[in-house]
Amino acid sequence: MITPSLRFLFIAGKFAPHIAGSTASNEAIAALGATSVNSADIPEEWLTRANERYRRDSIAQKQRSFKALLEYTKETNTIIDFSSSCASRVFEWFKARSAADAHHIGSLFTGSYFFDAYFWPVSVPVFWGSLKLNALEALETMPDPVRQELQEDRDELWNYVLYWADCADYGCGFDDIRRFKTLGSKTWMLLNNGDRELRAAIALLDSPRPNPKAILTARMGTEIFLKAFLVEKGNATERQLKKLGHDIIGLTDAANVLCQLKEFEIIKSLAHLFPPLDDRYSGPEKDFRSVSNGLCLCQLTAATVIRQFCDRDIRPQIFQEHRPQE
């Protein structure tokens with residue numbers, strides 16, 4: 001858990017981040033004179049009238065719940081927490097009056113998991129409000145018989161669920177940071193470049209003819225994510241980053257000094273999965289299982305860094321359900 005904790009609020013017609021315990025955030029809210037309605041429900045009659053207006057104005061169904069919360073808090077000068085039961089009820093109210101897929105508006109992030117000699121896209125959906133995510137449903141293109149075989153292999157299922165959790169936390173966390181600009185400009189530049197490398201590696205594999213060179217792209221992404229962490233948490237200078245160069249073990253050691261995490265130890269112990277950078281020119285072609293392992297390591301690094309920049313971490317919610325029995 002990150003302290004201070006970042007929350008998102010509908011405040012008198014605006015949607016804004018709020019840092020719990022921050023004097024500046026509390027003063028900004030107090031200046032509006034708005035009152036909280038987290039424990040109350042918006043009247044059914046109000047929602048019905050609002051929906052009738054949205055229908056007349058041809059407002060897209062996926063936009064209505066968000067628009068309603070903005071309008072209601074502005075009209076009543078109130079505050080509604082995005083994660084509150086009040087907000088959840090509004091999202092569910094509009095969802096019940098929408099087309100089945102209206103609130104699923106594409107993929108927030110798409111990973112790639114290797115199983116049965118094939119790279120399967122792992123989709124993290126874009127959604128409004130709260131949504132119960134299902135790890136196996138993220139394998140949208142996997143046939144049911146293959147999905148069943150994955151589910152029956154407890155070790156493989158556990159590996160997949162951990163990878164899916166990294167994809168989910170990364171996709172949602174990166175989007176939070178992008179929209180609410182919670183990082184310094186240098187950190188964001190590195191994070192954005194790391195994101196490009198990660199997505200490029202995935203794109204090279206989620207295709208009819210997977211390219212094993214994706215492991216080199218994943219290696220570069222891993223390096224950049226670690227450097228983003230060092231800049232944000234340790235104020236690392238350009239000179240210090242250049243001194244560390246492309247040494248992933250050295251980068252994880254430096255990161256672990258700032259924040260001792262078992263994930264950094266795992267990344268360090270598995271750094272040998274990546275080939276030397278010189279392999280870009282004359283190195284042997286890696287088999288797809290090795291390429292997949294390299295991609296998973298890059299995804300773990302990306303998720304580990306993102307989790308330190310926001311409060312996203314879905315793992316505690318899935319461990320009890322999916323952890324293999326000892």
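The paragraphs below lead through the salt bridges, the cysteines and one pair of packed helices. The structure shown above is a predicted model, and its residues are numbered from 1 along the chain.

A good place to begin is with the charged side chains, for the structure holds 18 salt bridges. One of these joins Lys-67 to Glu-71, with the closest N and O atoms 3.5 Å apart. Both residues belong to helix H3, which covers residues 61-76, and they are four residues apart, which is about one turn of the helix. Lys-67 is partly exposed, since its relative accessible area is 32%, and Glu-71 also counts as partly exposed, at 22% relative accessibility.

A second salt bridge is formed between Arg-307 and Asp-166, whose closest N and O atoms are 2.9 Å apart. Arg-307 lies in helix H13 (residues 288-309) whereas Asp-166 lies in helix H6 (residues 154-180), and therefore this pair ties together parts that are 141 residues apart in sequence. Both of these residues, Arg-307 and Asp-166, are buried.

A third salt bridge links Arg-315 with Glu-263, and here the closest N and O atoms are 2.7 Å apart. Because Arg-315 is in helix H14 (residues 315-322) and Glu-263 is in helix H11 (residues 262-269), the pair ties together parts that are 52 residues apart in sequence. Arg-315 is buried, and Glu-263 is buried as well. How are Arg-307, Asp-166, Arg-315 and Glu-263 linked? They belong to a network of salt bridges, in which Asp-169 and Asp-313 also take part.

We can now turn from charged side chains to the cysteines, where a search of the whole structure finds zero disulfides. Cys-296, for instance, is in no disulfide, and the nearest cysteine sulfur, which belongs to Cys-167, is 8.0 Å away. Cys-296 is partly exposed, with a relative accessible area of 22%. Why does Cys-310 form no bond with Cys-172, which has the closest cysteine sulfur? The two sulfur atoms are 9.0 Å apart, which is too far for a bond, given that a disulfide needs the sulfur atoms to be within 2.5 Å. Cys-310 is buried, its relative accessible area being 8%.

Another residue to find in the model is Gln-148, which sits in helix H5, a helix made of residues 144-152. At 38% relative accessibility, Gln-148 counts as partly exposed, because that value falls in between the limit of 20% for buried and the limit of 50% for exposed. Along the chain Gln-148 and Leu-136 are 12 residues apart, and their C-alpha atoms are separated by 9.4 Å.

The last step concerns how helices lie against one another. Two packed helices are described by the angle between their axes and by the distance between those axes. Helix H7, which runs over residues 185-205, packs with H13 at an angle of about 150°, and the two axes are 11 Å apart. That angle makes H7 roughly antiparallel to H13, because angles over 145 degrees count as roughly antiparallel. The crossing of H7 and H13 is left-handed. Which residues of H7 meet residues of H13? On the H7 side they are Thr-187, Leu-191, Leu-198, Ala-201, Ile-202 and Leu-205, while on the H13 side they are Val-291, Leu-295, Cys-298, Gln-299, Ala-302, Val-305, Ile-306 and Phe-309. Helix H13 thus appears in two parts of this account, since H13 packs with H7 and also holds Arg-307, the partner of Asp-166 in helix H6.

Definitions and conventions: This is a predicted model: local features need pLDDT of at least 70, side-chain atom pairs count only at pLDDT 80 or more; totals for chains, interfaces and linings use all residues. Side-chain values use heavy atoms; hydrogens and water are left out. A salt bridge is a side-chain nitrogen of Lys or Arg within 4 Å of a carboxyl oxygen of Asp or Glu. Buried means under 20% relative accessible area, exposed over 50%, partly exposed in between (1.4 Å probe, protein chains only). Axes are lines fitted to C-alpha atoms, for helices over the stretch in contact, and angles run from 0 to 180 degrees between N-to-C directions. Angles under 35 degrees count as roughly parallel, over 145 as roughly antiparallel, 65 to 115 as roughly perpendicular and the rest as oblique. A crossing is left-handed if the near helix is turned anticlockwise from the far one by less than a right angle, and right-handed if clockwise. Contact means heavy atoms within 4.5 Å.
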